[in-house]
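These are my notebook entries on one structure, set down in the order in which I looked things up. The structure is shown first.

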Amino acid sequence: MPDSMKSEYLSLADIFSYDQNFQDIMLNMLESALEASFQGVMITEAEPGFPIIYVNPAVCEMTGYQRTELLGQSPAMLQGEKTDQAVLADLREKIERGEIFHGKAYNYRKDGSTFMMEWKIVPIRGVGGEIANYLAIQREVPDIQGD
Ligand SMILES: Cc1cc2nc3c(=O)[nH]c(=O)nc-3n(C[C@H](O)[C@H](O)[C@H](O)COP(=O)(O)O)c2cc1C
């Protein structure tokens, strides 16, 4: 690695453009990190309904759905009667403004059981600056209100 790359401000984009070999290695590393992560990672398209294009194994473990059952669907499939609509309204507002969303709400597993989902959504921008995708980090947290 050249000294110029040891800067504190080095971005992932700089690393990826270093050379083709390094790009491949970084992509493999990223993929391994996502596949092994304890937290759920979900990527959607930036279109109405937010069709899911990627989930890591942690999302499948948490929700009970297989990857193929989630791909192409809206994350709204995890919602139900007990899901707090105020949280979803906040989510819509943040997304419209291009801001990061962070919140908690009841979600439903495939077997119908509920759990408290905490998730963050970040917009992913394309080279032209437009929002191309959304990425969510998701985890199950204790339900402090009781059930
Ligand atoms: C990347 C991403 C991840 C999401 N993950 C969840 C989730 O884990 N649980 C949930 O209840 N809603 C989640 N949502 C929100 C739902 O997709 C959203 O409430 C639903 O699409 C309805 O939005 P709309 O009413 O604006 O169409 C997620 C949205 C995005 C973009």
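**Entry 1. Ligand shell.** Which elements each supply at least two residues of the shell around the ligand? I worked from a predicted model throughout. I listed strand 1 (40-45), helix 5 (85-96), strand 3 (101-108), strand 4 (114-125) and strand 5 (131-141). I then looked up the residues themselves: the ligand has 21 residues around it, and those that come nearest are Phe-50, Pro-75, Ala-76, Tyr-134 and Ala-136. By class, I recorded 13 nonpolar, seven polar and one charged in this shell.

**Entry 2. Overall layout.** I counted five helices and five strands in the chain. Read from the N terminus, the order of elements is α-α-β-β-α-α-α-β-β-β. The C-alpha trace spans about 55 × 30 × 30 Å along its principal axes. I noted two domains, with domain 1 covering 1-36 and domain 2 covering 39-140. Their centres, taken over C-alpha atoms, are 26 Å apart. For contacts between residues at least 6 apart in sequence, I found that 35% join residues at least 24 apart.

**Entry 3. Burial and the core.** Of the 147 residues in the chain, 14% are buried. In soluble globular proteins, nonpolar side chains tend to be buried together. I therefore looked up the largest nonpolar core, which has 12 residues: Met-42, Ile-52, Val-55, Ala-58, Val-59, Leu-70, Leu-78, Phe-101, Met-117, Trp-119, Ile-121 and Ala-136. At least two residues of this core come from each of strand 2 (52-55), helix 3 (57-63) and strand 4. The most is given by strand 4, with three residues. I also looked up Ala-58, a member of this core. Beyond residues up to four places away in sequence, Ala-58 touches Ser-37, Phe-38, Gln-39 and Gly-40.

**Entry 4. Met-42.** I placed Met-42 in strand 1. Met-42 counts as buried because 23 other C-beta atoms lie within 10 Å. With neighbours within four places in sequence left aside, its contacts are Ile-52, Tyr-54, Val-55, Val-59, Pro-75, Ala-136 and Gln-138. I also took one distance: Met-42 and Glu-99 are 57 residues apart along the chain, and their C-alpha atoms are separated by 17 Å.

**Entry 5. Phe-50 and Gly-98.** Is Phe-50 buried or exposed? I recorded Phe-50 as buried, because it has 20 C-beta neighbours inside 10 Å and the cut-off is 20 or more. Phe-50 sits in the loop between strand 1 and strand 2. I then checked its backbone. Most residues other than glycine have a negative phi. Phe-50 is not a glycine, yet its phi is positive, at about 50°. Gly-98, just after helix 5, also has a positive phi, of about 75°.

**Entry 6. Two helices.** I compared helix lengths with the expected rise of 1.5 Å a residue. For helix 2 (residues 20-36), the 17 residues should span 24 Å, and the end C-alpha atoms are 24 Å apart, so the two values agree. For helix 5, the 12 residues should span 16 Å, and the end C-alpha atoms are 17 Å apart, which also agrees. How many of the 17 residues of helix 2 are buried? I found zero, so helix 2 lies largely in the open. The number buried in helix 5 is likewise zero of 12, so helix 5 lies largely in the open. I noted beside this that helix 5 supplies at least two residues of the shell around the ligand.

How values were computed:
Residues are numbered from 1 along each chain as its sequence is written. This is a predicted model: local features need pLDDT of at least 70, side-chain atom pairs count only at pLDDT 80 or more; totals for chains, interfaces and linings use all residues. A residue is near a molecule or strand if its C-beta atom, placed from the backbone, lies within 6 Å of it. Helices (H or I, at least four residues) and strands (E, at least two) are DSSP runs, numbered from the N terminus. Ala, Val, Leu, Ile, Met, Phe, Trp, Tyr, Cys and Pro count as nonpolar, Asp, Glu, Lys and Arg as charged, and the others, Gly among them, as polar. Domain bounds come from an automatic or database domain assignment. A nonpolar core is a set of buried Ala, Val, Leu, Ile, Met, Phe, Trp, Tyr and Cys residues joined through C-beta atoms within 7 Å. Two residues are in contact if their C-beta atoms, placed from the backbone, lie within 7 Å. The expected span of a helix is 1.5 Å times one less than its number of residues.
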